[in-house]
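Biologist: Got the chain up? I'd like to go through it with you.

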Amino acid sequence: MALNATTGANTAWNPNANGTYFTSMADNGTTVLVTGNFWSTIGGQTRSYIAEIEKATGNATAWNAAANAEVSNVYVSGTNIFVRGGFTNIGGAARAGFAVLNSTTGLAEAFNPTFAGGGVIGFAVSGTTLYLTGEFTSIDGTTRNRAAAFDISGGTWTMTAWNPNLDAYAFDSILEGSDVYIGGGFVRTGGGTYNKLRLVKVDNTNGTTDNTFSFYLAGEARRVSKVGSYIAIGGNFVSSGGFRRKGFAVIDTTTGEPTSLTLNVGTGQQINSMAAEGGKLIVTGTLLGLGAAARTRQAVIDLQTETVDSWSVAANANQVEQVIPDRNTVYFAGDFTTNGGISRRKFAAASLITGAILPWNPNATGSGAVGNAIAIDKTRDVIYVGGNFTAIGGTARAGIAAVDRYSGALITSWDPGSNGRVLKMNIKDDVLYASGDFTTIASVSRSYLASFDITTGAITSWAPTVGSFIWQQVIAGNYMLISGPWSSGSAGKVRLAVIDLTTGNYTSMQKDFYSNYNGIAVNGTNVYLGGGNYLSTDLRHTFVIDINTGNLIP
């Protein structure tokens, strides 16, 4: 839609896409570039995932890049249109998730670097320089660990000497004068020379780390945003720069320290789930307020204005267990029966922009029903839901089900069934991992942990033995960390264990951990734990251990 800038009223402009959401937009003079999940038509023309729309009429122009999968981001610079997403073909050419398109023809430009080790997650353009961040470790055979830059002047597209050399993935970057701020999961930069935990400031010409900017995060920085002389970050950290900050922080770039902004959670309340999306941090839990703002179970923090957002959607629940953002949509799981004043049983979706409850409605029911887990398969437009329920949409389903990504309608062809709750789910490499307090799932004996091939829907032979139910499950690379109340029956592991995803075997990491852990985050070999004590002789609640030994990292 288009709004009148003076009155805020909706205008007649209407491209009328036959999809459910847009992922990004970019101004291009008299037209606008839009991307999203419009599968076949927009502006009166056949278009897939990206289109150019006339501002005056809302009609699609003749420009047609025709992607074969979702385009997540678009940016216009001169005659170049930069795009990133899940596509493998766009503009009439094979391109692996990143491409440069001609603004006149829609065809892919010749620029087609080969990425090894992973793809592009973010990009930014400053003048004649293109900055890329992601998971890659080399480009066209040249080592570039997670960050690289190209000179795009004169059509040469030459890789520059800019090389921050990060030891783990980079999510996001912003440009400020002669500096580039990068956030991610790394702990060292400059090829191991500098100890920079998840946020680094580098020179925009050569990538040299500015060692005077020293700010450390106990957890990932997933989003970085510039607000005047401040950097706003959102992620899953529990402290920042030595100051207690939970889930978000605002940093003064002149001092490298957090500002005084602290939005405290009330006594006896807790945050169960956090997710960052588009400069906003969504938090859920047993909340009744955040700072001075009254919010019931769900809240959004605007990282640019440094305030609790006006977005206010109340759930009539004791708690909301999980939040998963998907572009401009937020999915919730919990024990609610209404969300935003609309009937929604245990699962709901809301617009991140307006707070309006969306039509997506799995409608989980059953005695004591609770929604605990959500996992999104964006390739097949399927959402897996887990919890304690006996029916989805009026059809019998025991604890686990698959629904349509946009309507929430039950996918009837998949019905594994569980004899207990499914509390956590993750997807990696076309495998769905489910954990909880079940002992049988898909009519097969599995002790609290199972996996499914999502291309066939069949349960796999992967079957680690766990002594009791699993409270938390996190995947990091080729490993899974699990936490639960067990002290036996899990290869002797006590409350925390690491499993090899390929073999299903436990690693040698062994400690007599003292508590269960509600919060787990992993970066490289560091495991960040919160919500419980380390050992019976060391009762700290938030700490870092080595994933291989379980030893405490100072």
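Modeller: We can start with the whole chain, then take two sheets and one loop residue. Bear in mind that this is a predicted model.

Biologist: Fine. How many helices and strands are in the chain?

Modeller: The chain has zero helices and 56 strands.

Biologist: And what share of the residues counts as buried?

Modeller: 54% of the 554 residues. The accessible surface is about 21700 Å², and carbon and sulfur atoms hold 47% of that surface.

Biologist: What about contacts between residues 24 or more positions apart?

Modeller: They make up 35% of the chain's contacts with a separation of 6 or more.

Biologist: Now the sheets. In what order do S41, S42 and S45 come?

Modeller: The order is S41-S42-S45, in an open sheet with antiparallel pairing. S41 (370-377) and S45 (400-404) each have a single partner strand, so each of these edge strands has one side without a neighbour in the sheet. On average, neighbouring strands there are turned by 25 degrees against each other, direction ignored.

Biologist: How many bridges join S42 to S45?

Modeller: Five, with S42 covering residues 382-388 and the two strands running antiparallel. Val-385 has Ala-401 in S45 as its bridge partner.

Biologist: Next sheet. Which strands stand at the edges of S46-S47-S50?

Modeller: That one is also an open sheet of three strands with antiparallel pairing. Its edge strands are S46 (422-428) and S50 (449-453); each has a single partner strand, so one side of each lacks a neighbour in the sheet. The average turn between neighbouring strands is 20 degrees, again with direction ignored.

Biologist: And what does Tyr-433 pair with in S50?

Modeller: Its bridge partner in S50 is Ser-451. Five bridges join S50 to S47, residues 431-436, and the two run antiparallel.

Biologist: Change of topic. Where does Val-313 lie?

Modeller: In the loop between strand S34 (307-308) and strand S35 (320-326).

Biologist: Buried or exposed?

Modeller: Val-313 is buried, because its relative accessibility is 3% and the cut-off for buried is under 20%.

Biologist: What does Val-313 touch, leaving out residues up to four places away in sequence?

Modeller: Thr-296, Gln-298, Asn-339, Gly-340, Gly-355 and Ile-357.

Biologist: Take Gly-340. How far apart are Val-313 and Gly-340 in sequence and in space?

Modeller: They are 27 residues apart in sequence and 4.7 Å apart in space, C-alpha to C-alpha.

Note on methods: Residues numbered from 1 in each chain as written. Predicted model: local features only at pLDDT ≥ 70, side-chain atom pairs only at ≥ 80, totals over all residues. Heavy atoms only, no water. Pairing = 2+ DSSP bridges. Helix = DSSP H or I, 4+ residues; strand = E, 2+ residues; numbered from the N terminus. Axes fitted to C-alpha atoms, helices over the stretch in contact; angles between N-to-C directions. Buried < 20%, exposed > 50% of the residue type's maximum accessible area, 1.4 Å probe, protein only. Contact = heavy atoms within 4.5 Å. Areas by Shrake-Rupley, 256 points an atom, 1.4 Å probe, with all protein chains shown as cover.
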